[in-house]
Amino acid sequence: MLNTWLNIYWLGTKELRSLLSDFIMLMLIVYSFSLAIYAEATAISESVHNASIAIVDEDQSALSGTIANALYPPYFKTPIFISAAQTDRAMDQDKFMFVVTIPPKFEQNVRQGRQPTVQIDIDATAVTQASIGNGYIQSIISQEVNYFFKRSDQSTAYPVELIMRQAFNPNGNGMWFSAINALLNQITMLTIILTGAALLREREHGTIEHLLVMPLNAFQIVMAKIWANGLIILIAFTLSMFLVVENILDIPVAGSKFLLLLGTSAYLFAAAAIGIFLGTIAQTMAQFALLVLMVIIPMVMLSGGLTPIESQPDIIQPLTWLLPSRHYMEFSQAVVFRGAGINLVWPQLTIIIALGAAFFIASLAMFRRSLKSMT
Amino acid sequence: MQTVTRIQKVTHHYHNTLALDDITLTISAGMMVGLLGPDGVGKSTLMGLISGARKLQQGQLTVLDGDMALAKHRELIGPRIAYMPQGLGKNLYAELSVEENLDFFAKLFNQPAHERKARIDKLTKATQLHAFLSRPVKKLSGGMKQKLGLCCALIHDPDLLILDEPTTGVDPLSRRQFWQLIASIRAQRPTMSILVSTAYMDEAEGFDYLIAMDAGRVLDTGTPQEIKAKTHTMDLESAFVRLLPQEKRANHSKLIIPPFKKSNASPAIIAKNLTRRFGDFTAVNDVSFEIQAGEIFGFLGSNGCGKTTTMKMLTGLLSVSSGEAYLFGKAVNANDIQTRQRVGFMSQTFSLYGELTVAQNLTLHARLFHLAPAQAAQRINTLTKRFGLHTYMDEAAASLPLGMRQRLSLAVAVIHQPEMLILDEPTSGVDPVARDQFWALLVELSRTDKVTIFISTHFMNEALRCDRISLMHAGEVLIYGTPEQLIEKKGAETLEQAFIAYLEAAIKQKKSIENIPSLPIPTSPPELELPPSNKERAKHNRFSFHRLLAYSYLETMQVLRDPIRLAFAFVGSAILLIVIAYGISLDVENLNYAAFDNDRSPESRQYLSNFQGSRYFVSRPDVHSNDELEQRLTSNDITLALEIPAGFGRALKNGESPSVSAWIDGSNTIRAGTIAGYVTGVHLHYITELANNAGIDASALAKVNLASRYRYNPTFKTVFSIGPKTPAMLLLLFPAILMAVSISREKEMGTITNFYVTPTNKLEFLLGKQLPYIVIGMLNFFILTFMVVFLLQVPLQGSFFGLMLGALFYVFAATGFGLLVASITQTQVASIFATAILCMLPTLQFSGIVQPTSTLEGAGHIIGTVWPATYYMHLSVAAFTKGLEFGDLAKDIILLALFGPVFIAIAATSLKKQEH
């Protein structure tokens with residue numbers, strides 16, 4: 001029993017040595033956890049940002065001018081004035097995401113209570129920005145019209161006021177979410193490729209056979225790969241989380257950092273097990289590369305980072321349940337933003353470990369079979 | 001006499017190791033010159049330099065009347081040199097057939113089809129490979145691979161033929177055929193110069209001129225007779241030992257083997273009717289033998305006769321199809337850890353960790369066998385001294401010369417002092433002195449420690465040292481007994497003669513029974529008259545479209561031989577298209593919310609009822625306290641809580657404008673923004689209704705009418721946006737990664753040497769390899785477009801031609817990026833890793849799948865702007881959903897067209913035409 005763990009330890013140190021001696025790989029890992037995280041987190045600050053907008057001002061009145069002036073950065077680019085005839089062409093050419101058309105005699109009609117119509121043309125191919133941006137434009141126009149006539153900031157007094165409060169991220173800072181999502185994507189991709197390729201490389205070079213004639217078994221070989229590659233990524237994750245995310249990006253971690261690392265370790269185990277599993281299925285590096293794409297892309301895109309799980313279609317949801325990334329996403333959001341404790345996140349942790357164990361066992365079952373097919 | 005190469009003060013380093021130390025040599029033309037010397041003395045380095053495969057570091061090297069430091073000269077003489085690197089079939093393409101390999105090499109020298117055919121015909125007939133023209137190289141035996149390698153080298157009538165240990169690991173019969181072939185070629189073309197290195201001294205006897213090397217220096221040169229005379233020896237083997245410096249031959253003495261005393265112990269290895277089939281091919285057929293404890297048992301046979309398979313069955317690496325195997329009296333069991341502790345195994349191919357140093361490899365194995373640290377250190381010390389590895393301790397194993405690697409493998413196999421050793425061609429490629437040292441160790445182990453040794457070899461002098469040997473051919477044991485018995489039975493003089501006689505008899509018998517082409521026996525040196533090759537054409541060094549196509553054809557064949565990869569490429573992206581297009585929904589639906597109603601009045605219930613009917617919201621049980629509200633948001637039970645203050649109903653009636661609070665889970669900011677929009681919508685709807693109920697026309701309250709028009713996607717379905725964008729993602733990632741792996745595989749397997757030493761230029765190589773992947777990418781484009789239109793029901797309203805042209809440039813750019821990555825990285829793993837890491841982030845995050853690139857900030861914005869996926873996504877959406885015509889798509893198409901050439905240019909600059 002002791003020998004088993006010693007073997008796993010020594011085999012693991014071999015993995016570490018191999019990886020640490022590969023300069024290009026190390027540089028890629030450093031990049032993935034520093035620049036890549038920073039770039040992704042800072043790329044999206046708001047759901048609508050810097051949106052291109054044009055105004056067709058057929059009124060040329062003080063009021064229409066006020067409206068144009070109210071649409072400004074950072075939500076929108078400074079509006080460009082175009083003529084009504086240009087609208088279709090400009091939108092086709094993707095020059096503008098929004099075109100606001102203010103009709104002739106607009107100010108006059110408003111004064112007379114005739115409720116003139118302001119048309120907002122929206123390029124709906126950018127789905128999220130279209131709906132949120134439309135909301136912004138509508139409220140800005142209403143506000144400006146009210147203000148223009150009342151000379152006061154008070155919008156129309158509604159019988160019931162609505163106050164929006166964002167829990168856990170009071171300013172609605174988009175960087176917070178992007179940063180955590182970026183970290184999840186990087187650890188998923190790196191862990192799966194590193195562990196799987198490490199196994200496949202040994203198969204291609206015949207070193208696995210060499211190990212199997214020694215007093216070692218598949219369990220030990222696989223465990224060694226998992227802990228060693230997992231550890232590298234865990235260290236990279238920890239440094240990235242506390243240096244890049246907390247310090248440079250200034251994103252607070254609401255929950256227990258220990259719990260976060262614990263859950264991340266569990267997730268790394270699951271991701272590494274998936275990597276090993278792919279490494280046992282593939283026959284060549286080319287096949288492995290394709291398999292990796294087929295697994296990583298759904299893991300990254302369907303984790304809930306792009307589309308919340310509850311909004312995914314019913315047919316897809318049971319599939320995404322099988323993705324450890326989905327549960328880890330829930331876990332890390334809960335811990336980092338909502339400050340959830342183990343009492344709340346234990347179900348996610350359990351599922352992550354269970355999925356990891358399932359892939360782990362499956363790869364052990366595949367292990368010897370995979371060797372035979374190589375010869 | 002003319003000289004073929006003049007070497008002046010050439011010095012070569014690998015990192016800190018000195019491989020060649022100030023060498024000065026002149027080699028005359030039209031001769032067969034042998035390079036002799038122990039392992040790692042710089043023979044391969046010297047050959048690499050002369051062939052132009054390696055970059056000259058220091059000194060002057062003239063080959064075929066020109067300076068090899070000049071790229072122009074290398075290009076000029078490339079067609080006149082042929083280089084066959086060390087290693088069985090090292091520069092051949094394993095998946096391709098014999099004919100396809102030969103055809104490829106011929107195409108590289110621009111030979112027209114009829115000439116290629118004629119030459120392939122002649123060469124394969126002369127080498128008895130003609131019957132195997134359609135057999136894949138990976139299924140050839142080692143000897144056949146070497147013969148094919150030679151054919152590939154001879155296809156263009158070189159003036160200088162460089163062969164690096166061509167017969168290492170080749171059985172005696174094939175070896176004899178190989179040299180016969182060389183002899184007949186020389187008879188044909190007496191002007192051809194041959195430079196060859198070998199570990200077989202009997203081969204060296206037949207060379208015109210010998211160069212003995214040691215430690216990067218030339219010890220002596222001369223004809224075999226001169227060298228023997230100088231050293232006062234009768235044979236070259238002794239002469240060679242005599243030439244070595246004093247300290248290297250100090251411990252070299254004639255090996256004396258004490259007779260084997262049979263003990264009464266039960267046999268250590270028993271094989272009973274062992275049979276192993278791979279599909280319908282029987283690799284090992286009904287093999288039985290017994291090996292006594294402490295015996296040295298030799299295993300001989302032609303390449304690919306089943307020796308390795310038998311050994312693997314004994315170690316449990318391969319399961320037996322039928323029959324039984326026992327080690328130490330116990331049936332072989334793949335899960336028996338205890339037995340493995342008692343056995344040492346060395347496989348034919350190097351299977352240690354190349355990236356670890358010699359010391360690290362040894363220590364790792366000592367640890368894995370649980371040697372006590374002190375014992376381990378002592379053992380490692382002893383072994384490294386014994387095998388002459390101590391000067392290499394801190395070198396990475398991969399950078400060791402072949403012979404040194406073999407020694408390391410041996411040291412590892414015996415590190416734990418096993419009771420049994422199973423060694424598969426352990427001395428292949430090891431120089432004579434080191435082989436003797438190794439055998440001294442084996443003899444000591446066998447006679448003193450009673451270690452059972454089961455060893456396979458191609459060296460007859462080693463076979464003679466075995467207590468008993470067994471001869472195998474085509475999966476069957478022909479005969480076994482003591483070496484003397486075997487020689488006697490055939491009435492031969494030497495074991496080699498006996499060996500060849502047994503094999504020939506077996507081949508004849510088999511042939512007459514089965515009447516199938518098997519390894520034929522040449523009776524006389526083969527006739528070899530090649531049609532003249534047109535040198536002028538081959539010298540054409542400008543860009544050759546034929547060579548480019550040769551690479552394309554080669555790559556296509558390789559892809560087609562791996563149908564699983566092809567299937568993954570097509571089916572994989574089709575599956576991903578479905579999963580992603582359905583899975584990504586930017587509509588936020590089914591949000592869990594709970595009411596925190598502090599008022600419980602009819603008015604508050606009426607307010608809340610507005611949320612109940614909505615498709616966006618799903619009601620959860622009410623919240624009853626602030627703590628509960630926070631706790632349920634934290635646990636993700638709800639994403640929205642609506643808090644209605646006490647006295648809401650009263651305040652509403654009194655017109656006091658009470659406030660309702662909406663608590664939104666802000667952890668996912670994009671979702672939070674959308675939820676806020678929905679809540680506002682429901683709220684406004686409530687207010688309008690309230691006004692209507694009070695008899696007021698609510699819309700009159702608003703001063704303006706805001707009419708939103710959602711263009712291009714009026715139903716606002718995500719699929720109209722994601723559907724056209726998903727192929728953009730797949731058409732980049734798949735071709736890029738396939739391309740990168742393809743190039744780095746050549747680097748890892750060694751076939752890149754063909755690019756180094758043939759007149760192929762960088763662009764021919766890169767574009768030629770790229771072409772098939774562009775075709776695969778375009779096929780994928782058609783499949784994905786078809787699926788988007790018919791499965792996802794997103795009509796292609798705009799110009800199909802524009803989209804297709806854009807896709808072509810896009811796939812060109814994607815594969816170009818793969819080339820770029822592969823030109824920088826060395827291994828397949830690194831290139832997969834790099835391609836995935838460098839492509840995923842920009843494609844998934846910065847190219848506008850969800851967030852248009854123009855709305856991004858900082859580095860993300862910059863990366864997105866210079867990434868081709870951005871423009872293809874844009875183009876695809878414009879063509880599908882916006883229905884734009886060609887003219888409106890032109891801008892994106894032009895931008896896309898720029899990426900490919902830029903990537904290729906960078907790749908061509910970073911790709912090396914020589915090895916360092």
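Two residues count as in contact here if their C-beta atoms, placed from the backbone, lie within 7 Å. Keep that cut-off in mind as you click around this predicted model.

**Stop 1: A:Val292.** Select A:Val292 and show what surrounds it. Skipping neighbours within four places in sequence, you'll find A:Val292 in contact with A:Ile192, A:Ile193, A:Gly196 and A:Leu278, plus B:Ala836 from the other chain.

**Stop 2: the big core.** Now widen the view to the largest nonpolar core, which has 381 residues. A:Val292 is among those with the most contacts inside this core, along with B:Ile162, B:Ile737, B:Ile832 and B:Phe833. Next, pick helix α8 of chain A, residues 174–205: this helix gives the core its largest share, 18 residues.

**Stop 3: a separate core.** Try A:Ile67, A:Met91, A:Ile102 and A:Ala124 next; they're included in a second, separate core of 31 residues.

**Stop 4: the domains.** Colour chain A in two parts: domain 1 is 2–44 + 173–374, and domain 2 is 53–150. Their C-alpha centres lie 47 Å apart.

**Stop 5: where the chains meet.** Bring up both chains and select the interface: 126 residues of chain B are in contact with 122 residues of chain A. Colour the chain B side by class and you'll get 68 nonpolar, 42 polar and 16 charged residues.

**Stop 6: strands across chains.** Finish on strand β4 of chain A (residues 117–123) and strand β24 of chain B (residues 705–711), which pair in the parallel sense over 7 bridges. For a starting point, select A:Thr117, which stands opposite B:Asn705 in β24(B).

How values were computed
Residues numbered from 1 in each chain as written. Chains lettered and ligands numbered in written order. Predicted model: local features only at pLDDT ≥ 70, side-chain atom pairs only at ≥ 80, totals over all residues. Domains from an automatic or database assignment. Nonpolar A, V, L, I, M, F, W, Y, C, P; charged D, E, K, R; others polar. Pairing = 2+ DSSP bridges. Helix = DSSP H or I, 4+ residues; strand = E, 2+ residues; numbered from the N terminus. Core = buried A, V, L, I, M, F, W, Y, C linked by C-beta atoms within 7 Å. Buried ≥ 20, exposed ≤ 12 C-beta atoms within 10 Å, placed from the backbone.
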